[in-house]
Every structure is written in structure tokens, then in C-alpha cells.
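Subject: Structure for you to look at

Hello,

Here is the structure I said I would pass on. Please open it first, then read the notes below with it in view.

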There are 2 protein chains.
Amino acid sequence: MITIRDVAREAGVSIATVSRVFNNAEAVATDTRREVRAVATRLGYSPHGTARSLITRRTATIGLILPDLYGEFFSELIRGVDHAVRAQGYHLLVSSSHADRAEVDSAMALMRGRVDGLVVMLPERQQAQVPLVSGRLPLVRLGGAPHNGDADAIVVANRDGARAMVRHLVSLGHTRIGVIAGADANSDADERMSGVRDGLEDAGLGEDALLRVAGDFSEASGFRAAREMLRADPRPTAIFALNDAMAIGALSALRAEGVNVPADIAVAGFDDIPMAQFLDPPLTTVRVDISAMGARAATRVLSHLGNGPSGSGVEIVPTTLMVRRSCGNPGAWSPTIPESLA
Amino acid sequence: MITIRDVAREAGVSIATVSRVFNNAEAVATDTRREVRAVATRLGYSPHGTARSLITRRTATIGLILPDLYGEFFSELIRGVDHAVRAQGYHLLVSSSHADRAEVDSAMALMRGRVDGLVVMLPERQQAQVPLVSGRLPLVRLGGAPHNGDADAIVVANRDGARAMVRHLVSLGHTRIGVIAGADANSDADERMSGVRDGLEDAGLGEDALLRVAGDFSEASGFRAAREMLRADPRPTAIFALNDAMAIGALSALRAEGVNVPADIAVAGFDDIPMAQFLDPPLTTVRVDISAMGARAATRVLSHLGNGPSGSGVEIVPTTLMVRRSCGNPGAWSPTIPESLA
DNA sequence: TTGTAGGCGTTATCAT
DNA sequence: ATGATAACGCCTACAA
């Protein structure tokens, strides 16, 4: 390994001078600077990040802790975080597949001394537990519902999104709506269900307008739920699955039964994954800009590190209603801004 | 910040003893060890990664440099790398959005002293250029075609996969096959096109069996290409798009023209993205296990670091032919192993 | 079994 | 403008 010493010796200067060249270059005479740079390049020297971090007390790295990496959701998320973080000259340390709270805590411990701040997304069902404690590291929690102990958090407007979707369906004339609910103790699912009830209430519709069937966010559960709804009386004219995987399952079930979508039954989803826009049967979804959400979380952490404007508290990421206008024409989606819910 | 000193003082031992407790714990008396652990927990101490790295000369981190993070491809890739890397107790430092070679080189320089090894995927069109040089860091290149200067690389069996698909289509009775080609100077696209010609040659079919239309790997280009093919004479009975995005575009075009898939025209793709399996019109694809590819790259790097069995050179990741057996039944895919191509 | 001390590569402080 | 030197937090011979 070639160190700052080698460069100093070769250039006939002290290591302090070499260091200055690589940091505040102005403080060095032009000739010296040029010579040092030349030697450094010739020797293939570049500063040692770890050693530098030790003395400067900053790693220029943000840690990202995720429950999993499956599907496009996380790639979008990482993309957003990566983008925001790199814009400020930071690196991104990713740690994933943490199924429970103990693993998250150990991942956080492992990151001590390696990162300047943390973005943490907890596994489902672990949201409402003991608050995250990160010592003196800035930490931003991502996803789920807002809860006590959140100093900083970025969450999705699950409730507003579901409410907007129900209002949209009602405005199309649907008065009997099948909702495929999510897993128990899943805060996203709970929030979305609350939004559904809000929407029905807004429209002045009663309990009989809602046909609720349980699901578990899997494609298969959506398939089963939709099949069950077809046998209901009265049969719904619209199906709203509380995530996209279930919506896809529902579409398969409807086609298997020869139901025309959306002429006979409209299908709507809640966008965990951008994939839905490629589906062939028209699917209206509540769209969440995952990438933007990741970027916001990163920006928040960076703000605590003195980069950019400061801020704190819980921030809610808005959702957008996406309606497919035409079929058979790739990319022909147009966004519809949700009606104001004030 | 709470350091090893604090723990030592509080526990009434030397810092050497505390250090030993956290490393080779056996060399410490049971009582001492227990006391130290207790104090450390009470104080919330955990070793400082950076400082430890400096002296041990290992960061326990693998760097992953990617051209982009868009779509499910990269999330699958990261998942594979992360999995392999964590299994050996390593961290993952991700750096992305490197559009050209200069950015890749600078990302590599920035990672010096922060990682023990590198997995690098070059941007398209940059594959055949100057070899990557990483100093003494183990480096594994990912994707594209094998080329000179590759000490270690993991590449996809693009050619074999495309060949297998053509043989499959021919075996179904197709003698006129439309191929939607990929972007110029894209080594993946080139390799796949070669495979197509191999397959036709295997089947003893001549040039007139092939209808080649250019695309650029985008959904829109697949849409246009398929529409063009419908007007060809003789019209193909099967369309093979050299990536999935184009295959999806082709499906849209066929439906817009009222063509029945696969009864009138069969459609096949090449799987960059797992998404394809959720599509409604049956789509046969050459499937690449991206996640496994990432894991292999990571494993290779780790092997140079002394973890696991050693190995080097170019490794080719096989592909699998995926045929949809039935419609309307989610998850009803079954893999077909490609015929031996020896 | 435990403590002492030197050093990992760099930056910051204080001289010159 | 430049140089000598003490940290940064930790690990590891070597000594006790």
C-alpha cells in the first residue's frame, strides 16, 4: 500500500504538506502543490478513507438499514437515498434482511464508527415497539405509521391515498366496493383501511357499500379474495386491493372467471411496486414515489449533519392517483392529482 | 462518544483486556469477561469500526459499483451480493449512477481504504475499453461479454440462452421467427443475437426464417417493432424480443391489433427483470437468476480474501428457459432446463 | 491471566 | 509556506 509518507519522501516535502495539498490546497505554494500532485499521480496514491475518518471524526457515509431487498420497492428506495446522499458527497452503506428488531439493533451497532447517520426501515409488525436508539447518530425512520418516540420519520400518506381512491371509485358510480385488506398488525394495511372508511364516509355511503375480505399482501391471497367476492351478493362493481401484488392476483382471478375488466368490474391497487403500470388489464393505482421518499429520508439525515436546511419531526409523503386512460398503448398513463382532502 | 477506555476504567481493567473480550474472548478469565461485558452493555459501548479497520487492515466491507439503480434488475443484484457478503460477516458499500468510465474510476478511488474488495459493473458501451485496475484490491467484473483484461468476471450465458429459446420455438413448429434486436454496441444484445443465429443454424433453417427488426431495449421500441412485423410478408408466427421490456411493448402492440397470443403469434422475451412472470398474456422467457449472479460475484471477491474456496477467471452464469404452462393461475410457472448445448 | 506500549495513515496544532 | 508531532480508537506483540 502506498501512503502519504511515500509521496512526501518522493516529493521531498513533509507529510503535512502533502496532506494540505489534498485538503486545503490554497495554503500551499503553487510549485509545491504541482510537484506533489504529480508525484501522487505517478505513484497512484489516493488518501486512505479509514485513516482520514478516524481523525476527522466523519466517515462521509450514511447507513441504510432495510428489512429486505425483495422487489422493485427497495431498489427504488435505495436509488432515492443514493441520489440524495451522493449529491452531498456521501457514501452509502447498505445492510439488509433484518427480520426482527434484534437484528436491526445489531446492524446498528455494527455500523457504529462506520457511518455519520442512519436511515432505518423497520420490519413490519415491529413498528410500534421500543423506540430506536442510536446514541448520538442522527437517525431517520422510514415507513409505517407515525408513532411515539419518532424524533424524525418519513411516512407515506397511506390513509389519504386510500381515501382518494375510494372517492374516485364512487365518483365513477360504484356503490358496492370490494376491498382486499392487508395483513393484521401491518401498520400500512391498517392506515389504508382507515382511509377506505374515510372515503366511504365522505361519500355518505353506509356499511353495505363495503365488502371487506382479508388478504396478506401476497398475489395468491388477492386471487382467492377476488374469487370469493365474485360469489358475494350483491357483487361489487369495483375491487380495491390494498397493495399491488393482491391486485395482480385479483386480475388473474377475474380473467379466469371470464369477467371483463374494467367493464364488468374495475380493479384498483395501492402501489408498492411501479411494476403495476406495465400490466395489461387496466389497473388504477395509488402511486407512491418511493424514490422520493428515500431521498427525503436521506436529506433529513444530512440536514442533521449540517448539510442543507435543517428540519425535524415526522414528514408525510403524499400519494398520487394514477388512472389508465387507454389500453394497448405503452406508457399511456396520466397522473391525476388527488382532490384536496382538507 | 464512549470508547474502550471508558469501559476499561469503569471495569477496573486495562484497555487490552477489554479489547480481548471483544475479540478472542477465550483468553480472558470468566469473571473478568463477564464484568467487562456487563459494563460495556451498561455504557452502551460497541467497538469503533473505523479505528479497528485501521489497525487490522481489513474493513470487513465489500464495495459494489453500479451504473444505475433503475428497475428490479439492480435490486435483485444487490440482494444477491448482500446475501453472500453478509454470510461472511461483511458489509456492503454501494455506489451507483456511474454513467461513464471516468466516474467508475473515481468511485473506485473514493473507496480506497473503505473496502476490502470490489464488485464492479460497467456502464453499457464501456465494456470493451481499458481494463479495470484496482491496485491490490480483489476486483470482480459483472455483466457484459467476457473480454481481455478480465482477471475475474461473472457474465451471463446470453448466447446460450438465446440459442435455447430459438430451438424451443422451432421445436413448437415455428419456421418464421421475428427477432426484436437490441441496441448497437450493447454487448448483451450482440451476444443474444449471435445465439439466435446459432439456434437457427442448429435447426438447419436459412436466413428467410429470420425477420430481424431493430430495437433499443425500450418498451416503446418493442411496440413499434412488433407493429412493423405484422405488416411483413410472410408474417412471423413467433416473436422473440431480446429483452423483456421490448417483449412487453410487443404484447401491447399485438393486442392493439387484435392478434391472439400465443394462438396466432407466440411471444418470447429475455429476462432482465423478474416482472415478466406477472404478465397476463403468456410470455416465454429466458430467465437469468440475477440474484445468484450477484452472489457469485461477491463469493468470488470473498474467496480472494480468504473466505471460502478459491477460484478465478471468467465464470458464466447459465440461463433457464421458462415456459408458462397455464393462464389465469398466478405463480403457475415451471422451469424447463435448457437442452444441453454441448 | 493481565498490563504496557507501539503503531495503523491521516489530520490538526503549534512551531519555525 | 512548511515541518515536527501529538492525537484519533483500537489491536497485538511483548513483558510481567
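A residue is near a strand if one of its heavy atoms lies within 4 Å of that strand. Helices and strands of the protein are DSSP runs, numbered from the N terminus. Please keep in mind that this is a predicted model.

DNA strand C

By that cut-off, 27 residues are around DNA strand C. Those that come nearest are Ile4(A), Ser19(A), Tyr45(A), Thr17(B) and Thr32(B). Of the strand C atoms that come within 4 Å of the protein, 64% belong to sugar and phosphate.

Three polar contacts are worth finding on the screen. Arg20(B) has a polar side-chain atom 2.7 Å from a base nitrogen of DNA strand C. Thr32(B), listed above among the nearest residues, places a polar side-chain atom 2.5 Å from a phosphate oxygen of DNA strand C. At Ile55(B) a backbone N or O atom is involved, and it lies 3.4 Å from a base oxygen of DNA strand C.

Which elements give two or more residues to the surface near DNA strand C? They are helix H1 (4–11), H2 and H4 of chain A, along with H2 and H4 of chain B. H4(A) has the largest share, with four residues. Sorted by class, this surface has 14 nonpolar, eight polar and five charged residues.

DNA strand D

DNA strand D is surrounded by 27 residues, and the closest are Thr17(A), Arg20(A), Thr32(A), Arg57(A) and Ile4(B). Sugar and phosphate make up 64% of the strand D atoms that come within 4 Å of the protein.

Here are three contacts to phosphate oxygens. A backbone N or O atom of Ala29(A) is 2.9 Å from a phosphate oxygen of DNA strand D. Ser19(B) uses an N or O atom of its side chain, also at 2.9 Å from a phosphate oxygen of this strand. For His48(B), a backbone N or O atom lies 3.2 Å from a phosphate oxygen of DNA strand D.

Helix H2 (15–22) and helix H4 (49–56), in chain A and in chain B, each supply at least two residues of the surface near DNA strand D. The largest share, four residues, comes from H4(B). The classes here are 15 nonpolar, eight polar and four charged residues.

Chain A against chain B

How many residues does each chain bring to the contact? Chain A brings 53 residues and chain B brings 52 residues. About 5,000 Å² is buried between chain B and chain A, and carbon and sulfur atoms give 55% of that area. Between the two chains there are zero salt bridges, while 14 residue pairs are in polar contact, counting pairs with both residues at pLDDT 80 or more.

On the side of chain B that touches chain A, the elements giving two or more residues are H4, helix H5 (72–87), strand E2 (91–95), helix H6 (101–110), helix H9 (219–230) and helix H10 (244–256). H5(B) gives the most, with seven residues. That side of chain B has 24 nonpolar, 17 polar and eleven charged residues.

The chains also share a strand pairing. Strand E2 (residues 91–95) of chain A and E2(B) pair in the antiparallel sense over three bridges. To find the pairing, start at Val94(A), whose bridge partner in E2(B) is Leu92(B).

Regards

Conventions: Residues are numbered from 1 along each chain as its sequence is written. Chains are lettered from A and ligands numbered from 1 in the order in which they are written. This is a predicted model: local features need pLDDT of at least 70, side-chain atom pairs count only at pLDDT 80 or more; totals for chains, interfaces and linings use all residues. Side-chain values use heavy atoms; hydrogens and water are left out. A polar contact is a pair of N or O atoms within 3.5 Å; within protein, one must be able to donate a hydrogen and the other to accept it, and residues adjacent in sequence count only if both atoms are side-chain atoms. Ala, Val, Leu, Ile, Met, Phe, Trp, Tyr, Cys and Pro count as nonpolar, Asp, Glu, Lys and Arg as charged, and the others, Gly among them, as polar. Contact means heavy atoms within 4.5 Å. Buried area is the accessible area (1.4 Å probe) that two parts lose on being put together, summed over both. A salt bridge is a side-chain nitrogen of Lys or Arg within 4 Å of a carboxyl oxygen of Asp or Glu. Two strands pair if DSSP finds at least two bridges between them.
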